[in-house]
Protein chains: 2
Amino acid sequence: MSRLMMISSDCHAGLPPERYREYLDPEFREAFDQALPIQVANTREAEKMFLVQEINEEWRRGRDAELSGAWDHDERIKVLDGDGIAGEVIFPDGITEMNSPPFGASLGLPARGVDPKLQWAGARAHNRWLAELCQMAPERRCGVALVLALYDVDEAVAEVRWAKANGLRSIMIPVMWGEYPAYHHPRYTPLWNVCEELDMPIHFHSGPAEQDTYFGTWPPNEEDGTLVGGMGIYVSEVAFFVSRPLTFLIWGGVFERHPNLKVAVTEGTAVWVPEFLSLLDHRYGAHRGSEKLGDYRSHLSLKPSEYFARNIRIGTNLKIAEIEQRHEIGVGTMMWGSDYPHPEGSWPETSERLDENFKGVPIEDIRAIVGGNAAEFYGFDTEKLAPLVDQIGPEEDRFRA
Amino acid sequence: MSRLMMISSDCHAGLPPERYREYLDPEFREAFDQALPIQVANTREAEKMFLVQEINEEWRRGRDAELSGAWDHDERIKVLDGDGIAGEVIFPDGITEMNSPPFGASLGLPARGVDPKLQWAGARAHNRWLAELCQMAPERRCGVALVLALYDVDEAVAEVRWAKANGLRSIMIPVMWGEYPAYHHPRYTPLWNVCEELDMPIHFHSGPAEQDTYFGTWPPNEEDGTLVGGMGIYVSEVAFFVSRPLTFLIWGGVFERHPNLKVAVTEGTAVWVPEFLSLLDHRYGAHRGSEKLGDYRSHLSLKPSEYFARNIRIGTNLKIAEIEQRHEIGVGTMMWGSDYPHPEGSWPETSERLDENFKGVPIEDIRAIVGGNAAEFYGFDTEKLAPLVDQIGPEEDRFRA
């Protein structure tokens with residue numbers, strides 16, 4: 001009886017905030033002690049501001065043990081086994097907003113207004129702990145190192161080398177560059193070089209957008225206090241911002257010069273992909289009216305959609321609409337993710353969700369999307385995973401029509 | 001024999017730069033004399049930078065008379081008659097980049113780094129001249145007043161009243177708000193009020209995007225000198241930025257509170273509309289995983305796509321792809337434009353382009369898209385235009401299958 005190899009391209013892990021202390025370089029522990037109560041208070045404040053405290057508490061109630069898999073090895077193994085997941089890619093921020101690394105070195109990086117030195121200290125503390133977690137089950141865990149690419153690029157390059165040497169197998173860099181140069185800038189070339197050399201995929205993970213514009217600054221001034229619509233704007237724009245670096249990398253010729261560079265966009269949905277590719281390919285093709293803009297194409301030997309298919313993958317908690325669009329998005333491009341332990345993901349109902357979403361889809365496509373693509377992209381050792389898959393993987397027969 | 005009423009929702013007009021002097025308030029003429037040679041030199045520099053000087057010169061060669069319709073009443077009438085166009089909506093920047101109003105008060109407004117007082121002076125000079133041009137053929141010309149909405153909102157409101165009183169029938173406001181509050185902010189309420197009261201449609205016209213990010217600052221520093229890909233990024237993002245204000249207006253409840261407010265997005269293509277509406281409606285619908293974001297919907301009594309259909313129109317030089325998508329975009333939403341006198345528009349081949357693009361389309365849809373929608377939106381007096389249409393309009397028979 002054949003079973004499905006499932007690899008979640010989007011999971012999260014993080015220590016309870018106070019436990020990051022021991023992973024920090026000693027010189028930053030005093031600042032940590034001062035910042036910790038503020039970080040905890042801000043998290044609670046944000047929950048209140050968006051009126052979601054009760055919703056979050058309800059979702060978490062009775063799940064203390066399983067949610068502690070956000071940092072506990074044994075519990076995490078149990079949870080993933082129960083969900084039928086053999087391998088996973090591990091981002092920061094375990095239980096939503098409650099397990100963020102210190103000094104804003106989280107999914108939302110870079111943290112504006114925080115000294116880059118402190119952000120780096122927080123990122124390194126998380127990377128050290130994550131390396132330990134991954135080493136406890138290296139064949140199952142692909143850890144994502146936090147790399148603050150915007151500041152000193154040599155420092156970023158050194159962290160990539162540290163990550164590789166310590167068993168972390170990919171990195172994430174900031175989605176938003178703020179006042180720093182965007183990702184078509186040649187200053188980032190050493191970073192692309194080292195990621196290509198060491199086969200370290202680069203992630204952009206959804207979350208950051210222009211929050212200050214949407215919600216106003218905090219605390220609100222008299223005028224901003226009456227701002228409405230911020231959250232609707234946020235959820236409407238967040239996928240634009242997480243996919244935006246691709247536009248810069250493609251047109252900047254980064255994939256032209258680095259044919260083996262791997263980039264993944266995670267948790268930003270995949271529904272935007274067909275329109276995105278159609279727009280970029282249209283702009284790449286010569287057409288009437290574009291002549292007045294000069295030659296902006298000849299440095300690229302491939303069409304944007306060809307770089308996309310070769311170099312880029314999309315990690316997302318797939319919805320039915322995306323699975324129906326799989327041929328336009330690219331069957332080889334999509335990598336399913338459970339988003340454990342976040343409430344918007346499929347855990348703890350992954351099995352039911354698979355049945356719902358993949359009804360009528362050919363088994364080869366399911367294999368690729370829920371595990372095969374990620375195995376290849378991240379270099380999971382599928383032979384080593386096979387005995388585990390035979391125990392915990394969902395039976396393939398249930399997907400046959 | 002029935003003829004088609006054509007109204008171009010996107011035309012441009014502007015004086016040769018030196019002739020704006022007399023329309024300026026006298027106190028700004030000294031600054032104008034200093035700025036003029038710089039403005040002219042910058043225009044030439046930009047043409048060289050993007051290697052398009054020859055292309056532009058070639059396109060303009062032999063067309064001096066017809067291009068002078070950018071500012072000359074008689075010539076403009078001849079050109080539009082020749083193109084079969086009975087009515088038009090008139091934006092600034094006549095011959096591309098060569099007829100911009102003073103002090104950066106152009107399609108690219110706001111001009112960063114220019115004193116808002118000077119930008120207002122430039123905008124008012126253009127508005128005064130444009131009012132004269134429109135008064136020479138008021139039934140055919142809907143002038144677009146430049147309104148610098150980001151600075152003092154009361155000043156913006158006063159300019160809307162001046163424009164209405166002087167025969168201008170719509171306004172345009174900046175696409176990009178920079179460091180100012182975005183358009184969901186309550187500070188703009190007086191502007192929405194006056195535009196609703198006076199039935200003045202508000203435009204966002206394509207052009208602005210994050211140019212400094214794409215191209216680097218000018219002159220380039222050593223690093224920026226090797227930036228590539230800027231123009232590809234620009235053409236890939238410019239439609240996002242021109243449609244972006246809609247996201248803020250819709251979620252901000254502006255159309256909920258101002259049910260008669262009219263907004264048009266011009267020359268940003270229409271291909272993005274179906275995906276845009278599908279995304280906003282999806283975000284508006286309650287769905288699993290969005291609970292943790294709280295209630296961000298209940299202040300809107302309609303779906304985003306319903307506000308869109310009621311309050312928003314798209315002015316664009318339609319391509320075949322857009323006409324094929326007309327039911328997803330909305331047949332009642334699309335307003336064709338010739339973009340005269342810009343080289344990317346349909347002039348001087350409007351007739352051929354119509355034949356190409358509208359082959360096989362039902363005549364009622366053609367009527368709506370090339371004129372009917374704009375007539376209603378801008379309040380053109382179709383009875384007054386009828387005799388002209390009978391002379392110059394394309395014969396409807398040629399579109400019948």
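## Loops, sheets and helices in chains A and B

A:Glu267 sits in the loop between β6 (263-266) and α11 (273-284) of chain A; helices (H or I, at least four residues) and strands (E, at least two) are DSSP runs, numbered from the N terminus. The model is predicted, with local features requiring pLDDT of at least 70 and side-chain atom pairs counting only at pLDDT 80 or more, while totals for chains, interfaces and linings use all residues. Residues are numbered from 1 along each chain as its sequence is written, and chains are lettered from A and ligands numbered from 1 in the order in which they are written.

Back to that loop. The phi of A:Glu267 is near 60°, a positive value in a residue other than glycine. Most residues other than glycine have a negative phi, and most peptide bonds are trans. A:Glu267 also counts as buried, because it has 26 C-beta neighbours inside 10 Å. For the record, a residue is buried if 20 or more other C-beta atoms lie within 10 Å of its own, exposed if 12 or fewer, and partly exposed in between, with C-beta atoms placed from the backbone. Chain B offers B:Phe103, with a positive phi near 55°. B:Phe103 lies in the loop between β2 and α5 (116-135) of chain B, and it counts as buried because 26 C-beta neighbours fall inside 10 Å.

Two prolines in chain B deserve a mention too. The peptide bond from B:Tyr340 to B:Pro341 is cis, with omega near 0°, and the one from B:Trp347 to B:Pro348 is cis as well, with omega near 5°. B:Pro341 is in the loop between β8 and α15 (350-357) of chain B, and B:Pro348 is in the loop between β8 and α15 of chain B.

Now for the overall shape of chain A, which has 17 helices and 8 strands. With 401 residues, a compact globule would have a radius of gyration near 21 Å, and the 21 Å of chain A agrees; that radius is taken over C-alpha atoms, and the globule rule is 2.2 Å times the number of residues to the power 0.38. The C-alpha atoms fill a box of roughly 60 × 60 × 45 Å along the principal axes. Some 49% of the 401 residues count as buried. Contacts (C-beta atoms, placed from the backbone, within 7 Å) mostly reach far along the chain: among those between residues at least 6 apart in sequence, 76% join residues at least 24 apart.

The 8 strands of chain A make an open sheet in the order β1-β2-β3-β4-β5-β6-β7-β8, with parallel pairing; two strands pair if DSSP finds at least two bridges between them. At the edges stand β1 (7-12) and β8 (334-336), each with a single partner strand, so one side of each has no neighbour in the sheet. The twist averages 25° from one strand to the next, based on axes that are lines fitted to C-alpha atoms (for helices over the stretch in contact), with angles running from 0 to 180 degrees between N-to-C directions.

Within this sheet, β1(A) is joined to β2 (residues 87-91) of chain A by 4 bridges, running parallel, and A:His12 stands opposite A:Phe91 in β2(A). A:Ser8 has A:Glu88 as its bridge partner in β2(A), and A:Glu88 in turn has A:Arg141 as its bridge partner in β3(A). Another 3 bridges join β2(A) to β3(A), also parallel. Since 5 of the 5 residues of β2(A) are buried, the strand is largely enclosed by the rest of the structure. Both of its faces are covered, with A:Gly87, A:Val89 and A:Phe91 buried on one side and A:Glu88 and A:Ile90 on the other.

Helix α5 (residues 116-135) of chain A has 20 residues and reaches 28 Å from first C-alpha to last, close to the 28 Å expected; the expected span is 1.5 Å times one less than the number of residues. Its buried residues, including A:Trp120, A:His126 and A:Trp129, pack against β2, β3 (141-146) and α6 (153-165) of chain A.

Chain B has its own open sheet of 8 strands, in the order β1-β2-β3-β4-β5-β6-β7-β8 with parallel pairing. Its edge strands, β1 and β8, each pair on one side only. In chain B, 3 bridges join β2(B) to β3(B) in parallel, and B:Cys142 in β3(B) is the bridge partner of B:Val89.

Finally, helix α16 (residues 363-378) of chain B has 16 residues that should span 22 Å, and its end C-alpha atoms are 22 Å apart, which agrees. α16(B) nevertheless bends by about 55° at B:Ile369, where the bend is the angle between axes fitted to the seven residues ending there and the seven starting there. B:Ile369 is among the buried residues of α16(B), as are B:Gly371 and B:Gly372. What covers the buried residues of α16(B) includes β1 (7-12), β2 (87-91) and β3 (141-146) of chain B. Just after α16(B), B:Gly379 takes a positive phi of about 70°.

Key: Contact = placed C-beta atoms within 7 Å.
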